[in-house]
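User: Hello! I am new to this structure and would like to know how its labels are earned. Could you take me through some of them?

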Amino acid sequence: MLHLIGTVHAGEAASPWPDEVEWCWRATTALAVEANISDEAAIRALTRRYGFTQDPTATWGEHWNPALQQRLRNALGELPPDAHHMRPWLVAQSLVVAHLVREGFHPDQGLDARLIRRAYNERRPIIELEGVERQLRIFADAPPDIQIAMLIEALEDIESGEAAREIRRIVTACNTGDLAALETLFHELSRRNRAADRYLFRRLFAERHPEMIRAIERAAEGGERPLIAVGALHFVGPDGLPAMLGQRGWRVERLSAPRVPVSSSAP
């Protein structure tokens, strides 16, 4: 048996611990996440490896200009001192994270981050379905023009308010269990036609799901009862994880968890 729960990778400070999560936690013996994000030193090393360039002129070309830098200052407040040595994908991701924090959504309060902390506190095994390096390479392996597009599109979404609206839609849908709202958002994302949107939709969903399914099945064979905690948008669409598990012979049911008292160890 598998228990799957959708997560958002950032959360509001002091958000309540969901009853459904507590119920699933008690029914399982291991935690499976997309990537174990607890090793900050390893993440910094991987970010340095894939996210920085020795030759910013060759990397950025004419794009690193005063107009772009001013737009980034408007969004970030201040540019990192080595921003011109950062590859465009990393500037884009730094921009998105900074904007989320400004809007009140913190990566360390995401459900997956909270689950990882609890697993360490309770000495529960943690299984990686992908790993940090594989996730970073989704962005780092993008062609230079797509990386520039990632940054420009991220700026456009922040400046228009779309980025804030999108994260609030995801958080609200997850907090209320509104699968239809997640389906609607997923289909909207699938129809976006900007260059980076098309690239990221393909790399973040269609190309990841087959290997994620294989990793989930391996986790189920390891003698543990895993709680599979992955981003909520991986649950919807014709090639979402529940649909693919059903195609592989799993019986997939959506469960309503009873209210249970939350453990004092829940972070």
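User: What makes Glu103 count as buried, exposed or partly exposed?

Analyst: First, a note on the source: this is a predicted model, in which local features need pLDDT of at least 70 and side-chain atom pairs count only at pLDDT 80 or more, while totals for chains, interfaces and linings use all residues. Residues are numbered from 1 along each chain as its sequence is written, and side-chain values use heavy atoms, with hydrogens and water left out. Now to Glu103: its relative accessibility is 27%. Buried means under 20% relative accessible area, exposed means over 50%, and partly exposed is in between, using a 1.4 Å probe and protein chains only. Glu103 therefore counts as partly exposed.

User: How do you know that Glu103 and Arg168 meet in a salt bridge?

Analyst: A salt bridge needs a side-chain nitrogen of Lys or Arg within 4 Å of a carboxyl oxygen of Asp or Glu. For Glu103 and Arg168 the N to O value is 3.0 Å, so the rule is met. By this rule the count comes to 24 salt bridges.

User: Which parts does the pair of Glu103 and Arg168 tie together?

Analyst: Glu103 lies in the loop between α5 (88-102) and β4 (105-106), and Arg168 in helix α9 (residues 162-176), so the pair joins parts 65 residues apart in sequence. Helices here are DSSP runs of H or I with at least four residues, strands are runs of E with at least two, and both are numbered from the N terminus. Arg168 is partly exposed, at 37% relative accessible area.

User: Why is Glu153 called buried or exposed?

Analyst: Its relative accessibility is 8%, so Glu153 counts as buried. Glu153 is found in helix α8 (residues 144-160). Leaving aside neighbours within four places in sequence, Glu153 is in contact (heavy atoms within 4.5 Å) with Arg194, Ala195, Ala196 and Asp197.

User: What links Glu153 with Arg194 and Asp197?

Analyst: A network of salt bridges links Glu153, Glu156, Asp157, Arg194 and Asp197. Between Asp197 and Arg194, the closest N and O atoms are 2.7 Å apart. Asp197 counts as buried at 15% relative accessibility, whereas Arg194 is partly exposed at 24%.

User: Why are α7 and α11 called roughly parallel, antiparallel, perpendicular or oblique?

Analyst: Two packed helices are described by the angle between their axes and the distance between the axes. The axes are lines fitted to C-alpha atoms, for helices over the stretch in contact, with angles from 0 to 180 degrees between N-to-C directions. Those of α7 (132-140) and α11 (195-206) come within 10 Å and cross at roughly 160°. Angles under 35 degrees count as roughly parallel, over 145 as roughly antiparallel, 65 to 115 as roughly perpendicular, and the rest as oblique. α7 and α11 are therefore roughly antiparallel.

User: Which residues meet where α7 and α11 come together?

Analyst: Arg137, Ile138 and Phe139 in α7 meet Tyr199, Leu200, Arg203 and Leu204 in α11. By class, this contact has 5 nonpolar, no polar and 2 charged residues. Ala, Val, Leu, Ile, Met, Phe, Trp, Tyr, Cys and Pro count as nonpolar, Asp, Glu, Lys and Arg as charged, and the others, Gly among them, as polar.

User: What makes Arg123 count as exposed or buried?

Analyst: Arg123 has a relative accessible area of 79%, so Arg123 is exposed. The place of Arg123 is in the loop between α6 (111-121) and β5.
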